[in-house]
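This report concerns a metal site, a ligand shell and the strands beside them. Please inspect the sequence and the structure before reading on.

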Amino acid sequence: MSTEDRSPANGVGRAGREPAGRVLIFDTTLRDGEQSPGISLNKQEKLEIAHQLARLGVDVIEAGFPITSPGDFEAVQAIAREVEGPVICGLARTSKQDIDAAWNAVRDSPRPRIHTFIATSDIHIERKLQTTREDVKGQARAAVAHARQYTDDVEFSPEDGSRSDVPYMAEVIQIALEEGATTINVPDTVGYTMPREYAAMFEELYRLVPALGEVTVSVHCHDDLGLAVANSLAGVEAGCRQVECAINGIGERAGNASLEEVAMLLRTREPSLGLWTGIDTTEIARTSRLVSRLTGYQVQPNKAIVGRNAFAHEAGIHQDGVLKERRTYEIMDATTVGLRSNSIVLGKHSGRHALRKALEEMGFELDGQMLNTAFKRFKEIADRKKVITAMDLEALVTDELRSEDIGGFGLEWFEVEASSRRPPHARVSITLPDGGSAKGAFTGDGPIDAVFQAIDAATGVGAKLNDFAIGAVTEGQDALGEVSVVVEVDGCTGAGQGVSTDIIDAAARAYVRALSVAVARSEAGEQAGLPEAAAP
Ligand code: KIV
Ligand code: ZN
């Protein structure tokens, strides 16, 4: 067996591929992924991720759950209007209001989809929905029929499918198909199933509902027992041709199947599986970094495919082997997932034109004020750091450009006195949303704590710090530091990132952004979501 890398781009392995082996990638980073505790993306952030998902080549973007809040509705609508290529999908329970909201949010996409779901396991029917099997059948029928009035692309999911009585679930699926559902997704909602069992369930469903052979059948697996990717693979081996997954595996509780693992598994083992996706794998690393930055969820170092150590070799024997022949210890080439393409792009003498060109090559279109802001920050950093790499630029732009959209507070300056002999003291000056500025001071437990509390004093906002993470954008002593912060104001969370050669500066920038997002959300009354019993 060969572990040679085959690039879909160079056509190796494409000849003779059966269309039946093409697996659709349905990305739910912006819906199920966004349901991870502490994550709440605003419209601009969701749009940015959606554009990157389109670049990555996903087939379907589940952009959100439009009924849950006006903010989510607007984000899904903006994605439907702006993002070209993938199908844009909105989630809905079976009620007319849910389906109308989903349709109104996605209708402007050239390829809209409504995804409606209702639980079919007895525990969900009896305890959560407090209804009967017959009523669930009626709701499924009405929901799919209603959705089909709007679009001919309708997905139906029997929630908690893997714990449902299969003959009963088959009846519900049959009803959904009679009403015109074009994709049937059978989720392992609670991450309970095992590969053999999940595959057997699909085999039984195909037997009981022959019409399943004419539509797309889909898997949606949660990772509670660490089996999400293995179960997804079992599903596609049993005949399913859509995998629902999320970047970095984010999602409810332990998360969803990780998109990058599914895509690289199918690519690396294509000779045995005869299955492939349309993913441009060289965009994987960048998509992972973007999602990690915007959600504030860091990727564990040993995470498959996108972890910092996924392609690192520590043992001498391994290093020696890889130097002699990469495939001795590597089954994938790091460049195929977009790693190690960190070329030096710019230096301190580079001008505005060069910056704009480099950014364009990376897929960022900047003009006017946005370009000015990016250029100003680029110059500040280039003065302190000799070379600016593609990864530095990417971090800088993700960080700086978003502050334009966020509005709210801005960091003018800060100073901190830190010593091991007395508590650190910080002073800050903050620009306010009305254009004025305010100063604040605080003596804290550590220099970063002092700065954060001084910012609270200047803005007059009492925020709770929910999460704080520090990382380095690249390797090396002069690497840019990157800080992610999640704060909560009146029950509304906000995430912010900051990038700088000085870690306190990066932390202060991140905190001010997170605060601005949380305050904007709390003013817009955005903490409203689904009643707990109804959330999937
Ligand atoms: O996990 C689940 O069951 C879901 C459905 C809405 C598909 O997320
Ligand atoms: Zn789910």
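A residue is called buried under 20% relative accessible area, exposed over 50% and partly exposed in between, computed with a 1.4 Å probe on protein chains only. By that criterion D32, at 2% relative accessibility, counts as buried, and H222, at 4%, also counts as buried. The model is predicted: local features need pLDDT of at least 70, side-chain atom pairs count only at pLDDT 80 or more, and totals for chains, interfaces and linings use all residues. Residues are numbered from 1 along each chain as its sequence is written, chains are lettered from A and ligands numbered from 1 in the order in which they are written, and side-chain values use heavy atoms, leaving out hydrogens and water.

**Zinc site**

The zinc ion (ligand 2) has as protein donors D32 (OD), H220 (NE2) and H222 (NE2), at 2.0 to 2.1 Å. Donors are N, O and S atoms within 2.8 Å of the metal (3.2 Å for Na, K and Ca); water is not among the atoms, so sites may look incomplete. Along the sequence the donor spacing reads D-x187-H-x1-H. D32 lies in the loop between β1 (24-27) and α1 (43-56), and H222 in the loop between β7 (216-221) and α8 (228-237), so this pair ties together parts that are 190 residues apart in sequence. Helices (H or I, at least four residues) and strands (E, at least two) are DSSP runs, numbered from the N terminus.

**Ligand 1**

Twelve residues surround ligand 1, and R31, D32, T189, H220 and H222 come nearest; a residue is near a molecule or strand if one of its heavy atoms lies within 4 Å of it. The table lists side-chain N or O atoms paired with an oxygen atom of ligand 1.

| Residue | Distance to an oxygen atom of ligand 1 |
|---|---|
| R31 | 2.9 Å |
| D32 | 3.0 Å |
| H222 | 3.0 Å |

Taken alone, ligand 1 exposes 260 Å², of which the protein buries 99% (accessible areas by the Shrake-Rupley method with a 1.4 Å probe; for residues, only the protein chains shown count as cover). The strands β4 (112-119), β5 (154-159) and β6 (183-188) each supply at least two residues of the shell.

**Strand pairing of β1**

Strands pair if DSSP finds at least two bridges between them. β1 pairs with β8 (residues 242-245) in the parallel sense over four bridges, with D27 opposite C245. Two bridges join β1 to β2 (residues 60-64), also running parallel, and here F26 stands opposite V60.

Conventions:
Polar contact = N/O pair within 3.5 Å; in protein donor to acceptor, adjacent residues only side chain to side chain.
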